Amino acid sequence: MTFSDLGIISPILKAIEQQGYTEPTPIQAQSIPILLEGHDLLGSAQTGTGKTAAFTIPIIQRIFLQRNKKKKKGRRVLRALIISPTRELTIQIAENISIYSRHTGGKNVVIYGGVSQHKQTSALRNGADILIATPGRLLDLIGQGYIRLNSIDYFVLDEADQMLDMGFIHDIKKIIAKLPEKRQSLFFSATMPQAISELSDQILNHPKRVTIAPEQTTAEKVSQSVYFVSKPDKNDLLKHLVSENPVASILVFSRTKHGADKIVKALHKSNIKSEAIHGNKSQNARQKTLQRFKKNKFSVLVATDIAARGIDVSKLSLVINYDLPNVPETYVHRIGRTGRAQEIGEAVSFCSNTEKKYLGDIQKLINQKIPVISDHPFYNPKDGGESDAKKPKKPKNRSRSSSSTPRVSKKNRGSFKGKLKKNSKRKPNFKKSSKRKKG
Ligand code: AMP
């Protein structure tokens, strides 16, 4: 199955190809034809399944074709409204749309709360086809007269169950009341409790249903471990891991652009070839760096989350979370960069004292305890040793490292087994990991 089999037009196919997507994910293969035919859709799917492309691509295509039909193009009016619960998701969706509509000349505007509205309202004034919004800011700007929804032909409610959890249900109902009756509606939710299916009944008209199994598979496919380490020691731990794996292709995640540059500098000082990609680099520069990485011109690519979206390097040996993400779903996205296409990947996370909360959130999301590696030169019990401790149950004279953090079983330690002791001469062999059984 290819994207062109799904009926996608060439300017969008070109953008998809540039993204490095070779074939549609299951949700894309199922949803795109339904949406191009104009049906409503009820989708049960989580982030990480390729859901965003599944719903944005058909909307971009339909708007493009309809706009092209008109001889006099005129000022753009809002044709599509996408509502999502969080600022991060909203931005991510907008970024996806910008990528897929690179060659169609479509315009989108993203609005969310917590920042000044000025930039958002001037972008709206310039006109756009697609509006991506969080519910509160949307109602606010509608109230102030900056936005009218009477020209909306496509409406998407993303992450509906999260909307409900965040108390947005009344806002959603207010928004729906302002939409034209005649429209195509899409409704996505990872779970379908009663309140959600009632809401979907109000929004959708004879919807087709697409259900994709939760993407726990990513977390299951990737062998994960965490290193408790003080912030100032992170560079040394990174160098240590990299130098033990001279031929590996390693993707390092940094939370900030500035951080990414600092990591690259530190690696260069130790003669480790590495490059960074982040939002301050042009798309062109990022693509070039990526190509060089794919051709093994250097072994360590340091990226921020935004820049890493869409990175598809098939032979990635290891993902290192230099910083843990504060949005737990981002962790799943990151580790999903390795372990693609039937292979078991390897993901390592550095966790300093201040990041323990993020680790807890991640473990909750993936419903899994990530094994802790404590036999490495930079292990700092103060950082991680107490994070997971169930202290009341701990016998008095047990040592911290063996009780408060789950020591990695030999099975789980996998390719790092025994090689992180100082002066160890053994080299990790990431390839081995594909043969390893899950612990
Ligand atoms: P989403 O579920 O929309 O958040 O997508 C998860 C990740 O998969 C994003 O980083 C996308 O860029 C990526 N992605 C989406 N569709 C494909 C595809 N067909 N092939 C490879 N990667 C994809």
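**Reading two sheets and a helix pair**

Mentor: In this predicted model, 7 strands form an open sheet in the order S3-S4-S2-S5-S6-S1-S7, and their pairing is parallel.

Trainee: Which strands stand at the edges of that sheet?

Mentor: Strand S3 (108–111) and strand S7 (208–211) stand there, and each has a single partner strand, so one side of each is left without a neighbour in the sheet. As you follow the order across the sheet, the twist averages 10° from one strand to the next.

Trainee: How many bridges join strand S1 to S7?

Mentor: Strand S1 (residues 41–44) is joined to S7 by 4 bridges, and the two run parallel; within this pair, Leu41 stands opposite Lys208 in S7.

Trainee: Which strands does helix H5 lie across?

Mentor: Helix H5 (residues 118–125) lies across S3 and strand S4 (130–133), and it runs at about 155° to S3.

Trainee: What is the strand order in the open sheet that contains S10 and S14?

Mentor: That open sheet also has 7 strands, with parallel pairing, and its order is S10-S11-S9-S12-S13-S8-S14. Strand S10 (274–277) and strand S14 (372–373) are at the edges with a single partner strand each, so one side of each is left without a neighbour in the sheet. Inside the order, strand S9 (residues 250–253) and strand S11 (residues 300–303) run parallel and are joined by 4 bridges, with Ile250 opposite Val300 in S11.

Trainee: Which strands do helices H11 and H15 touch where they pack on this sheet?

Mentor: H11 touches strand S8 (222–228), S9, S11, strand S12 (318–321) and strand S13 (345–351), and its direction makes about 160° with that of S13. Helix H15 (residues 328–335) touches S8, S9, S12 and S13, while its direction makes about 155° with that of S12.

Trainee: How do I read the angle at which H11 and H12 cross?

Mentor: An angle under 35 degrees would count as roughly parallel, and one of 65 to 115 as roughly perpendicular. The axes of helix H11 (residues 234–243) and helix H12 (residues 257–269) come within 10 Å and cross at roughly 55°, and the two helices are therefore oblique to each other. H11 passes H12 in a right-handed crossing.

Trainee: Which residues meet in this contact, and how do they divide by kind?

Mentor: From H11 come Asn235, Leu238 and Lys239, which meet Ile263, Ala266 and Leu267 in H12; the residues of this contact divide into 4 nonpolar, 1 polar and 1 charged.

Trainee: How many aromatic pairs are found in the whole structure?

Mentor: The search finds 5 aromatic pairs, and ring pairs link Tyr227, Tyr322 and Phe350 into a cluster.

Terms used. Residues are numbered from 1 along each chain as its sequence is written. This is a predicted model: local features need pLDDT of at least 70, side-chain atom pairs count only at pLDDT 80 or more; totals for chains, interfaces and linings use all residues. Side-chain values use heavy atoms; hydrogens and water are left out. Axes are lines fitted to C-alpha atoms, for helices over the stretch in contact, and angles run from 0 to 180 degrees between N-to-C directions. Angles under 35 degrees count as roughly parallel, over 145 as roughly antiparallel, 65 to 115 as roughly perpendicular and the rest as oblique. A crossing is left-handed if the near helix is turned anticlockwise from the far one by less than a right angle, and right-handed if clockwise. Contact means heavy atoms within 4.5 Å. Ala, Val, Leu, Ile, Met, Phe, Trp, Tyr, Cys and Pro count as nonpolar, Asp, Glu, Lys and Arg as charged, and the others, Gly among them, as polar. Rings of Phe, Tyr and Trp (its six-membered ring) pair if their centres lie within 6.5 Å; planes under 30 degrees apart count as stacked, over 60 as edge-to-face and the rest as tilted. Two strands pair if DSSP finds at least two bridges between them.
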